[in-house]
Amino acid sequence: MNAVKQNYGDGKLVCYKTLPIWNVKTLPKSFKECHNTKEGVWAKLKILSGSLVMEFLNDKKEIEKETEYSVVHQPEMIKPRQYHKIASCSEDMTCQLSFYTVSSND
């Protein structure tokens with residue numbers, strides 16, 4: 001497991017699962033719909049090529065922020081229970097998603 005260099009309370013975020021690499025055709029449909037992670041779970045989407053636009057929504061599922069990400073402008077860590085969705089992506093987009101949780105173990 002790889003610890004992220006950012007502390008959260010008394011622990012560090014530790015990657016516990018990394019999903020396969022996706023492209024515009026293999027990206028799960030559910031990622032284009034409003035969703036969130038569970039309590040205690042952070043998500044990190046890494047753009048490997050191309051670009052995508054993510055929308056971050058509030059609890060009423062209203063768009064609060066829309067940002068385009070690319071290889072040089074990577075998405076920030078998605079906080080637990082933060083609603084979000086991929087609004088669009090370029091034809092050459094590839095990405096990979098990893099999930100993190102807090103671990104107090106060093």
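This is a chat about the cysteines, a three-stranded sheet and two loop residues in a predicted model.

Trainee: Cysteines to start with. How many disulfides does the structure hold?

Mentor: Zero. Keep in mind that this is a predicted model.

Trainee: Why no bond for Cys95?

Mentor: The closest cysteine sulfur belongs to Cys89, and the sulfur of Cys95 is 7.6 Å from it, which is too far for a bond. A disulfide needs the two sulfur atoms within 2.5 Å.

Trainee: And what is a disulfide, chemically?

Mentor: A covalent bond that joins the sulfur atoms of two cysteines.

Trainee: Is Cys95 buried or exposed?

Mentor: Cys95 is buried, at a relative accessible area of 1%.

Trainee: What about Cys34, how accessible is that one?

Mentor: Cys34 has a relative accessible area of 30%, which makes Cys34 partly exposed.

Trainee: Changing topic. In what order do the three strands of the open sheet run?

Mentor: The order is 6-5-7, with antiparallel pairing.

Trainee: Which strands stand at the edges?

Mentor: Strand 6, residues 63–70, and strand 7, residues 83–89. Each has a single partner strand, so one side of each has no neighbour in the sheet. From one strand to the next, the twist averages 25 degrees.

Trainee: Over how many bridges do strand 5 and strand 6 pair?

Mentor: Seven bridges, in the antiparallel sense, with strand 5 covering residues 51–57.

Trainee: Which residues in strand 6 stand opposite Ser51 and Glu55?

Mentor: Ser51 is opposite Ser70, and Glu55 is opposite Glu66. So you get a serine facing a serine and a glutamate facing a glutamate.

Trainee: What do strand 5 and strand 6 form, and how many residues are between them?

Mentor: A hairpin, with five residues between the two strands. Lys61 sits in the turn and has a positive phi of about 65 degrees, although Lys61 is not a glycine.

Trainee: Is Lys61 buried or partly exposed?

Mentor: Partly exposed, with a relative accessible area of 44%.

Trainee: Now Arg81. Where is its place?

Mentor: Arg81 is in the loop between strand 6 and strand 7.

Trainee: What is the phi of Arg81?

Mentor: Positive, about 65 degrees, and Arg81 is not a glycine either.

Trainee: Accessibility of Arg81, what is the figure?

Mentor: The relative accessible area of Arg81 is 45%, so Arg81 counts as partly exposed.

Technical notes. Residues numbered from 1 in each chain as written. Predicted model: local features only at pLDDT ≥ 70, side-chain atom pairs only at ≥ 80, totals over all residues. Heavy atoms only, no water. Buried < 20%, exposed > 50% of the residue type's maximum accessible area, 1.4 Å probe, protein only. Pairing = 2+ DSSP bridges. Helix = DSSP H or I, 4+ residues; strand = E, 2+ residues; numbered from the N terminus. Axes fitted to C-alpha atoms, helices over the stretch in contact; angles between N-to-C directions.
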